[in-house]
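User: Please take one part of this model and look at it closely, following how its strands pair and what lies around them. I would like the cut-offs behind each term as you go.

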Amino acid sequence: MPDPDILVPAADVTAFATRLLDAVGVPPTKSQLVAESLVAANLRGVDSHGLQLLPYYLEQIEWGDMDAITDGRVISEIGSCLLYDGQNGIGQAISDICCAHAIRIAAASGLGMVVARESNHFGAAAFWAQKMADAGLIGIVMCNASALVPPWQGKEPRLGTNPICMAVPGGEEHPWLLDMATTTVAAGKIFKAKINGQPQIPPNWAMDAEGVPTTDTETALAGLLMPLGGYKGSGLAMMAEILCAVLSGGAMSTELGGIRFRGKPVRVSQMFLAIDIARFLPVAEFRARMDRLIRIMKTTPPAKGYSEVLVAGDPEWRMEQERRKSGIPVGPGTWKALCEAGERLGVRAPVR
Ligand SMILES: NC(=O)c1ccc[n+]([C@@H]2O[C@H](COP(=O)([O-])OP(=O)(O)OC[C@H]3O[C@@H](n4cnc5c(N)ncnc54)[C@H](O)[C@@H]3O)[C@@H](O)[C@H]2O)c1
């Protein structure tokens with residue numbers, strides 16, 4: 001039986017994460033941004049992309065594998081297209097700047113597309129797409145990631161879990177927010193099982209090293225992740241790889257490092273596309289049409305065994321309401337890793 005989760009209020013754990021980042025020399029505004037982005041994922045129930053990542057980010061900085069200070073630089077801006085060099089900066093810091101550029105360009109030109117190379121892990125894609133949706137735009141975000149996934153019918157990793165995300169401003173309904181790995185699940189969900197002492201994972205998440213499906217956590221970690229829906233997932237992962245890494249001139253496929261490997265940079269590429277709705281339809285009309293579409297979906301009679309039909313973003317939105325009240329349940333393994341980092345860096349944990 002694994003140890004129980006530790007329940008921590010979002011504000012306390014954000015402050016703790018911020019101080020840990022400060023302690024390894026991250027400038028305060030960047031520390032705050034990284035902490036907020038991770039806790040936002042936990043609040044939404046996306047624990048694979050929450051505080052579980054922080055011990056790896058800290059190590060990356062302590063080892064000198066990631067530059068905690070740089071803001072990166074614009075390489076070129078032509079019309080609605082901007083190419084950015086992340087200069088191995090913190091993924092969240094680079095993404096924040098790139099999102100701001102995409103929003104600025106979309107306001108001026110209708111579309112703003114920013115592609116960044118030489119960046120680092122940016123957490124959950126939703127945090128960045130939501131920033132664009134909060135500005136009243138449709139936000140689309142993708143990135144490539146460390147090669148952990150074989151292309152369909154292969155048995156060596158060549159692709160990342162390359163997420164695809166789209167956030168749409170809401171009307172009366174909650175904003176539609178699709179944020180998905182192009183594998184059955186994000187790799188972090190299997191690492192979460194490992195870190196928190198769960199020996200089994202659900203079927204179809206992963207394969208062994210020979211490409212045979214497995215539910216054993218250790219075998220999965222020594223093996224391969226399952227592309228989402230077979231060759232269609234491989235195709236979607238390639239799409240993200242092309243729009244991020246091929247287009248940016250950045251590292252592709254096996255050229256990437258990873259947050260769990262020391263001694264080399266991650267070199268991930270990211271794509272941020274902002275679309276100004278008003279260039280197509282009055283915004284009020286678009287929002288009303290989104291409400292209508294969502295209601296058409298949600299009034300579908302539920303299939304046997306289900307009580308309702310949901311749309312993308314619903315499970316996370318509900319979880320966020322709950323966790324804002326009750327606190328964030330942090331897995332015991334993740335909490336131990338954070339407390340150990342705190343002891344090493346002289347930062348006191350809010351709960352012990
Ligand atoms: N930074 C990286 O390198 C990287 C790589 C891969 C994934 N990720 C992140 O991992 C996170 C988790 O990805 P995932 O694929 O495991 O997520 P998931 O499978 O839990 O959810 C995927 C999507 O499905 C929707 N959904 C879930 N249940 C639903 C239902 N019953 N009806 C309708 N829609 C439903 C969710 O709202 C979500 O938008 C994402 O935030 C993603 O950005 C990041």
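Analyst: What follows begins with a run of paired strands and then turns to the core, the ligand shell and a loop.

The model is predicted, so local features are described at pLDDT of at least 70 and side-chain atom pairs count only at pLDDT 80 or more, whereas totals for chains, interfaces and linings use all residues. Numbering starts from 1 along each chain as its sequence is written. Helices (H or I, at least four residues) and strands (E, at least two) are DSSP runs numbered from the N terminus, and two strands are said to pair if DSSP finds at least two bridges between them.

A good place to start is strand 11 (residues 268-275), where seven of the eight residues are buried, so that this strand is largely enclosed by the rest of the structure. Buried here means that 20 or more other C-beta atoms, placed from the backbone, lie within 10 Å of a residue's own; 12 or fewer makes it exposed, and anything in between partly exposed. Strand 11 pairs in the antiparallel sense with strand 4 (residues 111-119) over seven bridges, and in this pairing Ala116 stands opposite Gln270. Strand 11 is also antiparallel to strand 5 (residues 138-143), with six bridges, and there Ile140 has Leu273 as its bridge partner.

Strand 5 pairs in turn with strand 6 over four bridges, again antiparallel, and Val141 is matched with Cys165. Strand 6 (residues 164-168) has five of its five residues buried, so it too is largely enclosed by the rest of the structure. Both of its faces are covered, with Ile164, Met166 and Val168 buried on one side and Cys165 and Ala167 buried on the other. Five further bridges join strand 6 to strand 7 in the antiparallel sense, where Cys165 has Asp179 as its partner.

Strand 7 (176-180) brings us to the ligand, since this strand, helix 5 (125-134) and helix 10 each supply at least two residues of the surrounding shell. Strand 7 gives the most, with four residues. The shell holds 27 residues, the closest being Ala124, Ala125, Ala145, Ala181 and Ala186, and a residue is counted as near if its C-beta atom, placed from the backbone, lies within 6 Å. By class the shell has 19 nonpolar, five polar and three charged residues, where Ala, Val, Leu, Ile, Met, Phe, Trp, Tyr, Cys and Pro count as nonpolar, Asp, Glu, Lys and Arg as charged, and the others, Gly among them, as polar.

The loop between helix 9 (283-298) and helix 10 (314-326) contains Ala312. This residue is partly exposed because 18 other C-beta atoms lie within 10 Å, and, leaving aside neighbours within four places in sequence, Ala312 is in contact (C-beta atoms, placed from the backbone, within 7 Å) with Trp176, Leu177 and Leu178.

Finally, the largest nonpolar core has 107 residues, of which Ala17, Ala102, Ala129 and Phe272 touch the most other members. The largest share of this core, nine residues, comes from helix 4 (residues 91-109). Such a core is a set of buried Ala, Val, Leu, Ile, Met, Phe, Trp, Tyr and Cys residues joined through C-beta atoms within 7 Å. Beyond four places in sequence, Ala102 is in contact with residues including Val114, Phe272 and Leu273. Helix 4 is followed by Gly110, whose phi is positive, near 95 degrees.

Definitions and conventions
Contact = placed C-beta atoms within 7 Å.
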